[in-house]
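Visitor: I am new to this structure and would like a close look at one part of it, followed by how that part sits in the rest. Could you take me through it slowly?

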Amino acid sequence: MTEQMQVADTTVTDTSATHTAAPQAAADVKTKAVPTLPDAAKVTEVKHWNDRLFSFKVERPQTLRFRSGEFVMIGLMNDPDPKTGKQKPLLRAYSIASPSWDEELEFYSIKVQDGPLTSRLQHIQPGDEIILRPKPVGTLVVDALLPGKRLWMFATGTGIAPFASLMREPEVYEKFEEVILMHTCREVSELEYGRQLVEHIKSDEILSEIEDGKLRYYPTTTREAFHHKGRVTDNLASGKVFEDLGIPPLCPENDRGMVCGNLAFNKDIMKILDGFGLREGANSEPKEYVVEKAFVD
Ligand SMILES: Cc1cc2nc3c(=O)[nH]c(=O)nc-3n(C[C@H](O)[C@H](O)[C@H](O)COP(=O)(O)OP(=O)(O)OC[C@H]3O[C@@H](n4cnc5c(N)ncnc54)[C@H](O)[C@@H]3O)c2cc1C
Ligand SMILES: NC(=O)c1ccc[n+]([C@@H]2O[C@H](COP(=O)([O-])OP(=O)(O)OC[C@H]3O[C@@H](n4cnc5c(N)ncnc54)[C@H](OP(=O)(O)O)[C@@H]3O)[C@@H](O)[C@H]2O)c1
């Protein structure tokens, strides 16, 4: 049982011990489980991809609206303060990996063994609750880009999460003629979440109609044998990805980019995109590409 469940359990009064002695009204109050988590969302599904990665789904609060590509703060209650006994929420930023139309919310997560949140979050089970702060924000949204022909999604590691959402968003395929996902990880097993998602989009009756053959997938590894190798940055700078996909190099007239990876990757790819003449935009000032960190180093 997770700590989350233990927290919830402690608030549910055991009526078998109280109902004979206490007046009925008091017993009624005591039998009600007091909600213990602020902004609680119930976990419906958990999938472990390897010893470093897992994904999970939670029930979507009816009032939560977001744009595909945005992130929210999620977490668990921290351990009680030894002095006061009070518990505070332990929250981290997470990209919503499911599209804006989905009834559930999906997240794709790292497991940092000594990470304050994910050392515990990795043990959640269906039926547990997490905290979900209902204020989605972020720059990886279609509105932050000028119209173009080709949308590139550049991701390393868990940076694929916002693109898992956008890849299922009809607006993306309405606005772009071609959508290319470049995802790079160290090892093959780290690509599996993205590989299965692309396969699902291409085979699902509704999603394949939305995608309409426009989605192209370019996964690579850097530290294990695979049919395509190399960093996203190197494959762009050398022109290999354009040769492999049979398309012209990036140009500011046609190409739009979204970047999500570690800080060093983000910095390096921005230089490359700038070199192709693309400019960084934002919600308030749409341009040719947008960037978001996949985590804080
Ligand atoms: C805008 C934004 C969106 C994010 N979206 C996601 C997401 O969708 N999925 C996700 O797993 N994380 C995401 N993160 C990272 C997340 O907020 C936490 O850092 C992560 O869950 C680990 O939390 P922690 O408390 O266990 O460890 P922390 O104390 O937060 O991190 C400890 C260390 O672990 C490493 N680390 C943290 N996160 C990652 C990661 N995702 N990949 C590789 N190394 C990492 C870093 O070196 C970090 O210094 C996002 C971060 C930001 C800023
Ligand atoms: N993935 C693992 O197997 C593993 C295992 C144990 C611990 N960790 C630790 O966990 C943390 C995160 O690891 P991670 O693998 O999820 O993420 P990561 O280190 O950000 O690597 C993910 C991918 O991004 C590439 N990359 C890194 N910096 C880049 C840059 N400046 N430009 C272009 N591409 C770049 C990496 O290529 P390169 O391989 O060429 O760097 C790798 O293919 C690291 O601190 C790591 O030491 C990872």
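Guide: What follows begins with the surroundings of one ligand and then moves outward to the rest of the chain.

This is a predicted model, in which local features need a pLDDT of at least 70 and side-chain atom pairs count only at pLDDT 80 or more, while totals for chains, interfaces and linings use all residues. Residues are numbered from 1 along each chain as its sequence is written, and chains are lettered from A and ligands numbered from 1 in the order in which they are written.

The part to look at closely is the shell around ligand 1. A residue belongs to such surroundings if its C-beta atom, placed from the backbone, lies within 6 Å of the molecule. There are 23 residues around ligand 1, and R92, G115, L117, T118 and F295 come nearest. By class, the shell holds twelve nonpolar, seven polar and four charged residues; here Ala, Val, Leu, Ile, Met, Phe, Trp, Tyr, Cys and Pro count as nonpolar, Asp, Glu, Lys and Arg as charged, and the others, Gly among them, as polar.

Strand 4 (89–95), strand 5 (104–110), helix 3 (118–121) and strand 11 (289–293) each supply at least two residues of this shell, and the largest share, four residues, comes from strand 4. These elements are DSSP runs numbered from the N terminus, with helices being H or I of at least four residues and strands being E of at least two. Ligand 1 lies between domain 1 (3–136) and domain 2 (142–293), because both give residues to its shell; the domain bounds come from an automatic or database domain assignment.

Within strand 4, one residue to look at is L91. L91 counts as partly exposed because it has 18 C-beta neighbours inside 10 Å, given that a residue is buried with 20 or more other C-beta atoms within 10 Å of its own, exposed with 12 or fewer, and partly exposed in between, all C-beta atoms being placed from the backbone. Leaving aside neighbours within four places in sequence, L91 is in contact with M73, I74, G75, I131 and R133, where contact requires C-beta atoms, placed from the backbone, to lie within 7 Å. L91 and R133 are 42 residues apart in sequence, yet their C-alpha atoms are 8.8 Å apart in space.

The two domains also meet in the protein's interior. In the largest nonpolar core, which has 63 residues, M153, F154 and F163 touch the most other members, and this core lies between domain 1 and domain 2, since both give residues to it. Such a core is a set of buried Ala, Val, Leu, Ile, Met, Phe, Trp, Tyr and Cys residues joined through C-beta atoms within 7 Å. In soluble globular proteins, nonpolar side chains tend to be buried together. F163 is in contact with M153, A155, L181 and C260, again leaving aside neighbours within four places in sequence.

L53, in strand 2 (residues 53–59), counts as buried because it has 20 C-beta neighbours inside 10 Å. The C-alpha atoms of L53 and G157 are separated by 9.5 Å, although the two residues are 104 apart along the chain. G157 leads to the other ligand, being one of the residues that come nearest to ligand 2, along with T156, T222, N262 and A264, out of 15 around it. That shell has four nonpolar, six polar and five charged residues, and its largest share, three residues, comes from helix 10.

Seen as a whole, the protein has ten helices and eleven strands, and buried residues make up 38% of its 297 residues. The average pLDDT, the predictor's confidence in each residue from 0 to 100, is 90, and 88% of the residues score at least 70. Over residues 1–34, however, pLDDT stays under 50. Where pLDDT is low, the predicted coordinates should not be read in detail.

Key:
Two residues are in contact if their C-beta atoms, placed from the backbone, lie within 7 Å.
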